[in-house]
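Biologist: I should like to understand the terms used for this structure. Could you set each one against its definition?

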Amino acid sequence: HHADRCLPLESLQYFFQHRLPHVVSREHELSGIGFQDLERGGYQRLIDSSTVDVVGVDPARAEGITGFREIDRRVGAAGLTVNAHAWSTAITTAASLHLSLASANARLLELKPFPVAVQQELVAEPVRQIDGFTSPLNGPGLGVEVDEAVVRRLRYTA
């Protein structure tokens with residue numbers, strides 16, 4: 001698919017899937033939903049619905065890296081695009097970046113559009129977008145070094 005822009009429809013997910021399957025013109029916009037699902041079956045139903053072009057997956061919520069890779073495989077088999085939804089912590093963003101780089105089905109990485117401590121302060125070198133692009137991280141593992149002082153500062157105890 002070639003499109004001028006991607007239309008995120010998370011807030012309209014149920015309506016879009018079940019009530020109005022062809023809301024957007026496939027010539028000018030791609031539709032993207034899905035990150036609210038927590039398991040592979042929900043994503044498979046979304047893929048099978050033929051109502052979406054971009055399947056958003058949050059690896060922190062969708063059975064981790066293993067779950068993301070399986071959903072990614074299913075998305076690719078359907079000829080769709082996967083989007084690693086990375087709105088929680090800098091650790092999830094690093095994992096999402098690695099998963100996106102390892103996927104032939106990923107064309108974009110969704111980043112939080114405003115600064116928060118768990119994204120900008122939690123790790124020494126967070127994923128940054130510069131002119132619309134991100135770069136692979138260079139450190140071992142996920143490429144991030146967690147700042148334990150920030151973890152202690154942000155820890156919630158009930």
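The exchange below takes some terms in turn.

Modeller: This is a predicted model, in which local features need pLDDT of at least 70, side-chain atom pairs count only at pLDDT 80 or more, and totals for chains, interfaces and linings use all residues. Residues are numbered from 1 along each chain as its sequence is written, and side-chain values use heavy atoms, with hydrogens and water left out.

Biologist: Why is E110 called buried?

Modeller: Buried means under 20% relative accessible area, exposed over 50%, and partly exposed in between, with a 1.4 Å probe and protein chains only. E110 has a relative accessibility of 19%, so E110 counts as buried. E110 is placed in strand β5 (residues 106-111); strands (E, at least two residues) and helices (H or I, at least four) are DSSP runs, numbered from the N terminus.

Biologist: What makes the link between the side chains of E110 and H85 a polar contact?

Modeller: A polar contact is a pair of N or O atoms within 3.5 Å; within protein, one must be able to donate a hydrogen and the other to accept it, and residues adjacent in sequence count only if both atoms are side-chain atoms. The two side chains make such a contact at 3.0 Å. E110 and H85 are 25 residues apart along the chain, with their C-alpha atoms separated by 5.2 Å.

Biologist: Why is S100 called buried?

Modeller: The relative accessible area of S100 is 12%, and therefore S100 is buried. S100 belongs to helix α4 (residues 90-101), and its side chain reaches the backbone oxygen of S96 at 2.9 Å. Beyond its neighbours within four places in sequence, S100 is in contact (heavy atoms within 4.5 Å) with A84, A106, L108 and L109.

Biologist: How do you know that strand β4 is largely enclosed by the rest of the structure?

Modeller: Six of the six residues of β4 (residues 81-86) are buried, so β4 is largely enclosed. T81, N83 and H85 point one way, V82, A84 and A86 the other way, and all are buried. In a regular strand, side chains alternate between the two faces of the sheet.

Biologist: What makes β4 and β5 a pair?

Modeller: Two strands pair if DSSP finds at least two bridges between them. Five bridges join β4 to β5, which run parallel, so the pairing condition is met. One of the bridges has N83 with L108 of β5 as its partner. The chain crosses from β4 through α4 to β5 in a right-handed β-α-β crossover: with the strands pointing away from the viewer, the path from the first strand over the helix to the second runs clockwise.
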